[in-house]
Amino acid sequence: MAYQPIWAENPSKLNKVELIKLEKDGLDVIRTIIEQYASGGYSSITEDDLNRFKWAGVYEQKPRDGYFMMRVRINSGIITSPQARVLASIAKDYGRNLLDITTRQAIQFHWLKVEYLPDIFKRLESVGLYSYEACGDCPRTIVGNPLAGIDPNELLDTTDLVNQVNDFFLLNRDFSNLPRKFKMSISGNIYNTAHAEINDLAYTPATKVIDGEEVKGFHVWVGGGLSAKPHLAQRLDVFVRPEDVLRVAIGVITIFRDYGYREKRHHARLKFLVADWGADKFLEKLTELVGELPTQGEDKTVGWNAAYFDGVHPQAQPGLNYVGLNVPVGRMNGDELAELARLSDEYGNGYLRTTMSQNIIFSDIPDNRVDDLLKEAVLERLTPDPDKFISRTVSCTGNEFCNLAVVETKIRAVNVAKYLDEHVDLAEDIRIHFVGCPNACGQKQIADIGLQGALVKTAEGTVDAFDIAVGGTLGPGAQFNLPLKGRVKGDDVGPVLAQLILFYKDNRDEGESFNRFVARVGVSAFQEQLTGILTAS
């Protein structure tokens with residue numbers, strides 16, 4: 001099934017990274033790490049192989065002095081207690097007891113050395129986990145419904161489908177050299193728990209009457225993505241049965257591999273090809289590869305819960321519950337994860353589930369065990385009943401570890417949330433996302449209030465600052481938030497946001513969400529408020 005890299009016929013049209021990938025496949029670096037760099041150390045790593053480290057799920061950590069951060073693929077965010085214990089042990093033994101839950105349900109380590117990587121790979125593989133291709137120009141971690149299999153609000157259980165698609169593409173050299181990263185979302189939840197519209201390829205729940213019988217399946221979306229030029233995915237006029245999900249994914253990724261852009265790195269994601277071709281042309285090419293598919297059916301997505309599940313909720317199985325915990329900005333330590341693994345065995349069925357909102361869930365807790373679980377000490381910080389603003393605050397890694405970020409985000413986000421919880425009394429949820437650079441790993445464009453880091457010069461020197469955007473949402477009526485003019489110094493973010501939120505609180509209609517309020521009054525009304533705040537300060 002080996003393919004011919006048709007894009008290599010004109011190397012003058014390829015960017016530098018493409019030439020590096022043609023010289024040596026990114027997956028080859030895994031063996032090089034194990035056989036060469038782990039013994040030779042950081043100084044022995046070539047510049048080109050440092051770029052290829054991404055295919056091992058590893059990035060250089062700031063300030064590029066020998067430490068790395070690693071992402072581990074977690075399909076739909078579902079892990080077993082043995083897997084959680086291994087992740088916790090890696091954090092404690094090699095990562096200064098620190099780990100993050102990412103906005104793609106992955107687990108991320110910091111402070112790793114190349115000497116540690118072979119043992120880390122071995123530990124992960126021993127419990128069926130992998131960091132391979134969690135980064136790089138390849139199909140990455142597949143996000144999905146973290147409640148798959150236990151969800152009262154899912155049309156169908158997507159656990160096996162996600163695993164099937166993951167297993168096909170993982171370490172598959174026919175698809176290890178794509179023009180850029182490729183992100184997939186597969187969910188049967190009617191509240192869009194896997195953020196379909198911001199993925200390269202997404203499957204959302206749908207039904208269609210075929211030969212007189214209602215069939216459960218999916219609608220297909222292509223070309224979503226964030227970064228500096230965000231695009232919402234476009235829905236194709238197809239209905240896909242569960243048994244055809246993998247076949248369609250192979251077709252979509254084949255199109256991206258063979259026709260995607262490879263001249264400029266910043267213009268290489270699938271979203272640019274889809275924008276240029278349009279959904280109809282893309283579907284024509286897909287049909288050539290996979291055959292005719294039924295036209296779209298009835299969309300079953302009814303809203304968007306932004307992947308939040310905090311609190312105690314009944315499962316689809318009578319007498320059982322899931323308990324959603326808040327992990328402030330996704331950061332926890334290995335001891336906490338090990339304790340959660342213990343509790344998942346003691347009170348549940350030995351599973352934990354990570355979410356795209358950077359939180360974690362217990363599942364299968366019997367009715368008569370819930371109260372005892374809630375008394376456990378680790379749930380004092382990782383609480384199922386968090387304060388309003390910290391419960392809806394998301395943050396990327398920031399410049400503490402990320403070489404691309406220009407400002408610190410994690411601590412800043414927590415401090416801003418605490419300030420708002422102390423100074424603003426509000427019943428409604430407002431989602432606030434912090435990012436340290438335009439790449440938007442913290443998904444700032446889909447937030448009610450998105451903040452992107454920047455730097456400003458003051459009389460005292462250069463300081464952290466943030467640009468603000470308002471009004472983002474996904475699901476029906478999806479739209480990215482819109483920017484306001486006026487850069488806010490980092491230390492002023494809490495008070496400034498408090499005033500903007502109070503403007504919403506004092507002028508909203510009954511039951512009106514922040515997003516709908518922004519749509520009604522217009523961004524210009526928020527701009528007027530921000531300008532007045534900054535002028536008065």
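Is Y132 buried or exposed, and at what relative accessibility? I looked this up first. Y132 counts as buried, at 6% relative accessibility. I note that the model is a predicted one.

**Entry: the partner of Y132**

I then looked for a ring beside Y132. Y130 and Y132 form an aromatic pair. Their centres lie 5.8 Å apart, and the planes make 40°. That makes the pair tilted. I checked Y130 as well. Y130 has a relative accessible area of 28%, so I put it down as partly exposed. The cut-off for buried is under 20%.

**Entry: a pair across the chain**

Next I took up F182 and F256. The ring centres are 5.8 Å apart and the planes stand at 35°, so I wrote this pair down as tilted. Where do F182 and F256 sit in the chain? F182 belongs to strand β7, residues 182-186. F256 belongs to helix α7, residues 245-259. The two are 74 residues apart, and the pair links distant parts of the chain. I looked up burial too. F182 counts as buried at 0% relative accessibility. F256 is also listed at 0% and counts as buried.

**Entry: rings in general**

How many aromatic pairs does a search of the whole structure find? I noted 24. One cluster caught my eye. Ring pairs link F503, Y504, F514, F517 and F526 there.

**Entry: charges over rings**

I turned to arginines. The charged end of R96 sits over the ring of W111, 3.6 Å from the ring centre. R257 has its charged end over the ring of Y3, at 4.2 Å from the centre.

**Entry: the open sheet**

I moved on to strands. Five of them form an open sheet. I read the order as β3-β15-β16-β13-β12, with antiparallel pairing. Why is one side of β3 and of β12 left without a neighbour in the sheet? Both strands stand at the edges, and each has a single partner strand, so one side stays free of a neighbour there. I noted β3 as residues 78-80 and β12 as residues 311-314. Neighbouring strands of the sheet are turned by 30° against each other on average, direction ignored.

**Entry: the β3 edge**

I stayed with β3. Three bridges join β3 to β15, residues 351-354, and the two run antiparallel. I79 stands opposite L352 of β15. Which helix packs on the sheet here, touching β3 and β15? I found helix α4, residues 81-94. The direction of α4 makes about 90° with that of β3.

Note on methods. Residues numbered from 1 in each chain as written. Predicted model: local features only at pLDDT ≥ 70, side-chain atom pairs only at ≥ 80, totals over all residues. Heavy atoms only, no water. Pairing = 2+ DSSP bridges. Helix = DSSP H or I, 4+ residues; strand = E, 2+ residues; numbered from the N terminus. Axes fitted to C-alpha atoms, helices over the stretch in contact; angles between N-to-C directions. Contact = heavy atoms within 4.5 Å. Phe/Tyr/Trp six-rings, centres within 6.5 Å; stacked < 30°, edge-to-face > 60°. Buried < 20%, exposed > 50% of the residue type's maximum accessible area, 1.4 Å probe, protein only. Lys NZ or Arg CZ within 6 Å of the ring centre and 35° of its normal.
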